[in-house]
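Reader: Could you take me through one part of this model closely, namely how its helices pack against one another, and then relate that packing to the pocket?

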Amino acid sequence: MVNVPNVMLNSGHPMPILGLGTWGSPKGEVAQAVKDAIDIGYRHIDCAHVYQNEHEVGEGIEAKINEGVVKRENLFITSKLWNTYHSPALVRGACETTLKNLKLSYIDMYLIHWPMGYKEGGELFPVDANGKTAYSDADYVDTWKEMEKLVQDGLVKSIGVSNFNKKQIERVLAVATIPPANNQVECHPYLTQKKLMEFCKSKNIAITAYSPLGSPNRPMAQPGEPVLMEDPKIVSIATKYSKTPAQILIRYQIQRGNIVIPKSVNKGRIASNFDVFGFDLTAEDVANIDSFDCNGRLLHLTSVKDHPHHPFANDD
């Protein structure tokens, strides 16, 4: 069994540097993917309420604990508070729902999924009379104070944020008695997040890289957009090491010190994505991959760009 390195969080808890992502995983296949991943050696599973598959993740976890393959304390489970639960009165209930779906008594990492609050009390993606996303006036700094209570009450071990920019993290830090332990953001060679990484490192906040493979199956992909894993420069580096492009992209994040959560429900690819600890990229190859950065964000959320807490509004 490969001993996956940990990143020591500012909360004092170790977080495995490699995990299984579950965003966009087809319904009916997630429980088996989680079971396969745990059998292969994954001990870190990343999920979220909005993915609408946490009950399947819970089934997979429960099965492997009951089989004696793994103990709960050896797993690291991340989930996320969705945008419609930013109002302080809703935070604890949302966390309890996730715990029930996952069949767990605590979550290892709980993140505010986005800084943007949506209208409470209904759909995951509420709309107004004009069909536009309906917003909440909840401020994520008030949400954060409720996140801290989840730690104090033992429901959550560590708390963090996702898709937050530097200024938004600074606002959280200004009110926090428990600082964010993690910022989960889109990160890959077309969007290296170098400045945000440096800032988070200066505040002892770990980065988790999502869409590390360029999210080839993302629903918002447009015809003609570059496919990261088919980039000739990545393919060339993969050939040099006798590895797959995916393995190179995962190894790249690990060598940068970033936690990385590639998604797959295919057992062979789940295993291949885990086989990234027997080689090192040279400093020259890492620098070469760094040079691909073109602010090539894949997930823009332009439909809610007028939200006062939109994190990418100044990207252009």
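Author: What follows goes through three helix contacts in turn and ends with the pocket. The model is a predicted one, and the description should be read with that in mind.

I begin with helix α3, which takes part in two of the contacts described here. Helix α2, residues 54–66, and helix α3, residues 88–102, pack at an angle of about 45°, and their axes lie 7 Å apart. Since angles between 35 and 65 degrees are neither roughly parallel nor roughly perpendicular, α2 is therefore oblique to α3. On the α2 side the contact is formed by Glu54, His55, Val57 and Gly58, which meet Thr98, Asn101 and Leu102 of α3. Sorted by class, the residues of this contact are two nonpolar, four polar and one charged.

Helix α3 also packs against helix α4, residues 140–152, where the two axes come within 9 Å and cross at roughly 40°. This angle makes α3 oblique to α4, and the crossing of the two helices is right-handed. From α3 the contact draws on Pro88, Val91, Arg92 and Cys95, while α4 supplies Asp142, Thr143, Glu146, Met147 and Leu150. The residues of the contact between α3 and α4 comprise five nonpolar, one polar and three charged.

The remaining contact leads towards the pocket. Helix α1, residues 30–40, packs with α9 at an angle of about 40°, their axes being 10 Å apart, and the crossing of α1 and α9 is right-handed. Here Ala33, Asp36, Ala37 and Ile40 of α1 meet Lys267, Ile270, Ala271 and Phe274 of α9. By class, the contact of α1 with α9 contains six nonpolar and two charged residues, with no polar residue.

Helix α9, residues 267–274, is also the element that gives the most to the lining of the largest pocket, contributing three residues. That pocket has a volume of about 1000 Å³, and of the 44 residues that line it, those closest to its centre are Trp23, Gly24, Ser211, Ser215 and Lys263. Taken by class, the lining of the largest pocket is made up of 22 nonpolar, 18 polar and four charged residues. Helix α9 thus appears in both parts of this account, in its contact with α1 and in the lining of the largest pocket.

Definitions and conventions: Residues numbered from 1 in each chain as written. Predicted model: local features only at pLDDT ≥ 70, side-chain atom pairs only at ≥ 80, totals over all residues. Heavy atoms only, no water. 1 Å grid on protein atoms, 1.4 Å probe; cavity = no way out; pocket = protein on both sides within 12 Å on 5 of 7 lines; lining within 4 Å. Points joined across faces, edges and corners; volume = space filled by probe spheres on them. Helix = DSSP H or I, 4+ residues; strand = E, 2+ residues; numbered from the N terminus. Nonpolar A, V, L, I, M, F, W, Y, C, P; charged D, E, K, R; others polar. Axes fitted to C-alpha atoms, helices over the stretch in contact; angles between N-to-C directions. Left-handed = near helix turned anticlockwise from the far one by under 90°. Contact = heavy atoms within 4.5 Å. Parallel < 35°, antiparallel > 145°, perpendicular 65-115°, else oblique.
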